[in-house]
Amino acid sequence: MSQARIRYLNAARQSAKYEQMPNGQWVATIPKFEGLRAIGATRDEAWWNLRDAFDHWLDEQIKMGRGVPHIHGLRAFEEGVNKLIATHRAATDDPRLKEK
């Protein structure tokens with residue numbers, strides 16, 4: 001994972017929510033990061049699993065032409081993602097992405 005992705009995710013971690021399920025496992029989510037969630041035996045494990053899932057989630061956001069949630073102070077990362085999205089749109093044959 002790139003340093004920029006790690007900085008972005010660590011900033012997002014400030015708003016992470018953890019919930020312990022009846023079976024004892026923990027679920028970690030970050031509000032505004034739709035579809036990004038992970039489960040772990042402990043709260044820390046749930047965070048590390050969420051961190052691992054973030055790379056895939058971000059790649060899917062780019063592939064589907066979606067931006068990333070704004071995090072104060074990380075505009076350069078968000079602009080970089082938007083450039084990747086524009087490049088992906090220009091290179092794809094998927095008409096759904098061309099319309100955006």
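A salt bridge is a side-chain nitrogen of Lys or Arg within 4 Å of a carboxyl oxygen of Asp or Glu. The legends below use this rule and others, each given where it is needed.

The structure is a predicted model, in which local features need pLDDT of at least 70 and side-chain atom pairs count only at pLDDT 80 or more, while totals for chains, interfaces and linings use all residues. Residues are numbered from 1 along each chain as its sequence is written, and side-chain values use heavy atoms, with hydrogens and water left out.

**View 1. The salt bridge of Glu60 and Lys63.**
By the rule above, the count comes to 1 salt bridge. The closest N and O atoms of Glu60 and Lys63 are 3.2 Å apart. Both residues lie in helix 2, 3 residues apart, which is about one turn of the helix. Helices (H or I, at least four residues) and strands (E, at least two) are DSSP runs, numbered from the N terminus. An α-helix has 3.6 residues a turn, so residues three or four places apart point the same way. Are Glu60 and Lys63 buried or exposed? Glu60 counts as partly exposed because its relative accessibility is 26%, and Lys63 is also partly exposed, with a relative accessible area of 41%. For these words, buried means under 20% relative accessible area, exposed over 50%, and partly exposed in between (1.4 Å probe, protein chains only).

**View 2. Overview of the protein chain.**
The protein chain has 4 helices and 3 strands. From the N terminus on, the elements run α-β-β-β-α-α-α. Along the principal axes, the C-alpha atoms fill a box of roughly 45 × 30 × 20 Å. Of the 100 residues, 35% count as buried. Contact means heavy atoms within 4.5 Å. Among contacts with a separation of 6 or more, 34% come from residues 24 or more positions apart.

**View 3. The open sheet of 3 strands.**
The strand order is 1-2-3, and the pairing is antiparallel. Strand 1 (17-20) and strand 3 (37-40) each have a single partner strand and stand at the edges, so one side of each is left without a neighbour in the sheet. On average, neighbouring strands are turned by 20 degrees against each other, direction ignored. Axes are lines fitted to C-alpha atoms, for helices over the stretch in contact, and angles run from 0 to 180 degrees between N-to-C directions. Two strands pair if DSSP finds at least two bridges between them. Strand 1 and strand 2 pair over 4 bridges, and strand 2 (residues 26-29) and strand 3 also pair over 4 bridges. Gln20 stands opposite Trp26 in strand 2, while Thr29 has Arg37 in strand 3 as its bridge partner.

**View 4. Two residues with positive phi, Gly24 and Lys32.**
The hairpin of strand 1 and strand 2 has 5 residues between the strands. In this hairpin, Gly24 takes a positive phi near 95 degrees. Lys32 lies in the loop between strand 2 and strand 3. What is phi of Lys32? The angle is near 80 degrees, a positive value in a residue other than glycine. Most residues other than glycine have a negative phi. Lys32 is exposed because its relative accessible area is 69%.

**View 5. Ala46, where helix 2 lies across the strands.**
Helix 2 lies across strand 1, strand 2 and strand 3, and runs at about 140 degrees to strand 3. Ala46 is found in this helix. With a relative accessibility of 0%, Ala46 counts as buried. Leaving aside neighbours within four places in sequence, Ala46 is in contact with Trp26, Ala28, Ala38, Ile39 and Gly40. Ala46 and Ala4 are 42 residues apart in sequence and 21 Å apart in space, C-alpha to C-alpha.

**View 6. The buried residues of helix 1.**
Which residues of helix 1 (residues 3-12) are buried? They are Arg5, Ile6, Tyr8, Leu9 and Ala12. These residues cover an arc of only 165 degrees around the axis, which puts them on the same side of helix 1. The arc is that of the directions from the helix axis to the C-beta atoms. Helix 2 and helix 3 (75-91) are among what covers these buried residues.

**View 7. Arg51, buried without a salt bridge.**
Arg51 is found in helix 2 (residues 43-63). Leaving aside neighbours within four places in sequence, Arg51 is in contact with Met1, Ile6 and Leu9. The nearest side chain of opposite charge is Asp52, 4.6 Å away. Lys and Arg count as positive and Asp and Glu as negative, while His and the chain ends are not counted.
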